[in-house]
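Good morning, colleagues. Please look at the sequence and the structure on the screen, and I shall then take you through several of the features.

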Amino acid sequence: MSIEIKAPTFPESVADGTVATWHKQPGEACSADELIVDIETDKVVLEVVAPEDGVVAEILKGEGDTVLSEEVLATFTAGAAGGAAPAAAEAPAAEAAPAGDADKIGPAARKLIDENGLDASQIPGTGKNGGITKEDVQNFLKNKPAAAPAAAPAPAASATGTALNIVSGERVEKRVPMTRLRATIAKRLVEAQQNAAMLTTYNEVNMKPVMELRKQYKDLFEKTHNGTRLGFMSFFVKAATEALKKFPAVNASIDGNDMVYHGYQDIGVAVSTDRGLMVPVLRDTDSMSLADVESTIADFGKRGREGKLGMDDMQGGTFTITNGGVFGSLMSTPILNPPQTAILGMHKIQERPMAVNGQVEILPMMYLALSYDHRMIDGKEAVQFLVTIKDLLEDPARMLLEV
């Protein structure tokens, strides 16, 4: 029985998608719910799976093709027994692989091999009949540094000559198309700078009270909450939630000429992934505990790395927090996430000499940055909002007492 494999139904905010990777080729066997193809949209990567056991009969949309919502991607034969992919056997990729091996390399794997200049004969295949899959190439790349010395053309004794060859070698360039996600991120950031009256105010916070509290209770916290670790982000989310309740304009958004005030706090947390920056949203943070925040953020990070964040995870949001400190950033100016009117930037914790009651003390300090839209928020509100977060973090008990 022949079945049409269609693109997922895209939300109204997504016009189309791009075929990113085919994980199965014509003639290859598939189990029910096994991943067949990835569709990349402006926001997330959507997975299309096999409807039941069978084989992919024909691919109608190749990698890089643009597809609309529910457009037919391929035909699928249910119940058929699979074999080696016949399409790959005719591919001209035989030049880059030894004779007889070209039919064992899928298009996604071939693309990675060509982009990284790899020798296919050195990559162990774990696919059907010893075929090389995309995962095999990725695993080979991870372990490549260890094998690099063996592949060097010059003997170790002529280290000077090898260095000279490297310096005087070809100036390699590689051109790859920008992914839809990165193109969308770039477009939105430029629009935010062009359309908003964006300003940034800075402050600094003494992280010693939070660090001491975390040190005292982190083991008990992890044991009590089934392995959930106590980090710093949950304190910032809860502090921001309390500050947003005091300053509703910071929790608002702009819709045309209207200012929309939200009676709830949905805080987006920027997550860096290989595909680009994503901002999944914590819903109703006022009702979330520290453990709820930490476990949800950990889940976002895991699914973000695996490319499994969905549209629902990233839609909405009334405020955003981004943490450049995990990469070592000491200070930055975060850009607004439209239509939101403010974003909080966290940074690296660094010990600095500070004047405390006429004495110099070495304290773990963090710079905070709040970028805001001056069309909606006055400077006084922005500064007071950031000072409120500072005060709550320097005296964490205030968050529990709501004072």
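Leucine 330 sits in the loop that connects strand S16 (319-323) with strand S17 (342-346). Its relative accessibility is 34%, and leucine 330 therefore counts as partly exposed. What does leucine 330 form together with Tyr202 and Met331? These residues make up a nonpolar patch on the surface, and their accessible area together is about 260 Å².

I should say at this point that what you see is a predicted model. The mean pLDDT of the protein chain is 81, with 83% of the residues reaching 70 or more. Two stretches call for attention. Residues 84-102 have a pLDDT below 50, and this stretch has 25 contacts in the model beyond near neighbours in sequence. For residues 146-165 the pLDDT also stays under 50, and here the model has 2 contacts beyond four places in sequence.

Let me now describe the chain as a whole. The protein chain contains 12 helices and 19 strands. It has 403 residues, of which 40% count as buried. The area that the protein chain exposes is about 21,700 Å², and 52% of this is supplied by carbon and sulfur atoms. If we take the contacts between residues at least 6 apart in sequence, 63% of them join residues at least 24 apart.

I turn next to one of the sheets. In what order do the 4 strands of this open sheet stand? The order is S1-S8-S6-S3, and the pairing is antiparallel. Strand S1 (2-6) and S3 are at the edges; each has a single partner strand, so one side of each has no neighbour in the sheet. Moving inward from S3, we find strand S3 (residues 29-30) joined to strand S6 (residues 54-59) by 2 bridges, and the two run antiparallel. Within that pairing, cysteine 30 is opposite glycine 54 in S6. S6 pairs in turn with strand S8 (residues 72-78), again in the antiparallel sense, over 5 bridges. There, valine 55 has threonine 77 in S8 opposite to it. As a general remark, the side chains of a regular strand alternate between the two faces of the sheet.

We come now to the salt bridges. In general, side chains of opposite charge can pair when their charged atoms come close. How many salt bridges are counted in this model? The count comes to 10, and I shall present several of them.

One of them joins the side chains of glutamate 71 and lysine 61, at 3.1 Å from N to O. Glutamate 71 is in the loop between strand S7 (66-68) and S8, whereas lysine 61 is in the loop between S6 and S7, so this pair ties together parts that lie 10 residues apart in sequence. Glutamate 71 is partly exposed, at 23% relative accessibility.

Another salt bridge brings together the side chains of aspartate 286 and lysine 245, at 3.0 Å from N to O. This pair links distant parts of the chain, 41 residues apart: aspartate 286 belongs to the loop between strand S15 (281-282) and helix H9 (290-305), and lysine 245 to helix H8 (residues 233-246). Aspartate 286 is partly exposed, with a relative accessible area of 38%, and lysine 245 is also partly exposed, at 34% relative accessibility.

A further example lies within one helix. Glutamate 394 forms a salt bridge with lysine 390, and their closest N and O atoms are 3.0 Å apart. Both residues belong to helix H11 (residues 379-394), where they are 4 residues apart, about one turn of the helix. Are these two partners buried or exposed? Glutamate 394 is partly exposed, with a relative accessible area of 26%, whereas lysine 390 is buried, its relative accessible area being 18% and the limit for a buried residue being under 20%. Elsewhere, Glu242, Lys245 and Asp286 are joined into one network by salt bridges that share partners.

Finally, I would draw your attention to serine 272. Serine 272 is part of strand S13 (residues 271-273), and at 46% relative accessibility it counts as partly exposed. Which residues does serine 272 contact, leaving aside its neighbours within four places in sequence? They are Leu277 and Phe327. Between the C-alpha atoms of serine 272 and asparagine 323 the separation is 9.7 Å, and these two residues are 51 residues apart along the chain.

Thank you for your attention.

Methods. Residues numbered from 1 in each chain as written. Predicted model: local features only at pLDDT ≥ 70, side-chain atom pairs only at ≥ 80, totals over all residues. Heavy atoms only, no water. Buried < 20%, exposed > 50% of the residue type's maximum accessible area, 1.4 Å probe, protein only. Contact = heavy atoms within 4.5 Å. Pairing = 2+ DSSP bridges. Patch = residues over 30% accessible without salt bridge, like charges linked within 9 Å, V, L, I, M, F, W, Y side chains within 5 Å. Areas by Shrake-Rupley, 256 points an atom, 1.4 Å probe, with all protein chains shown as cover. Salt bridge = Lys/Arg side-chain N within 4 Å of Asp/Glu carboxyl O. pLDDT = per-residue confidence, 0-100.
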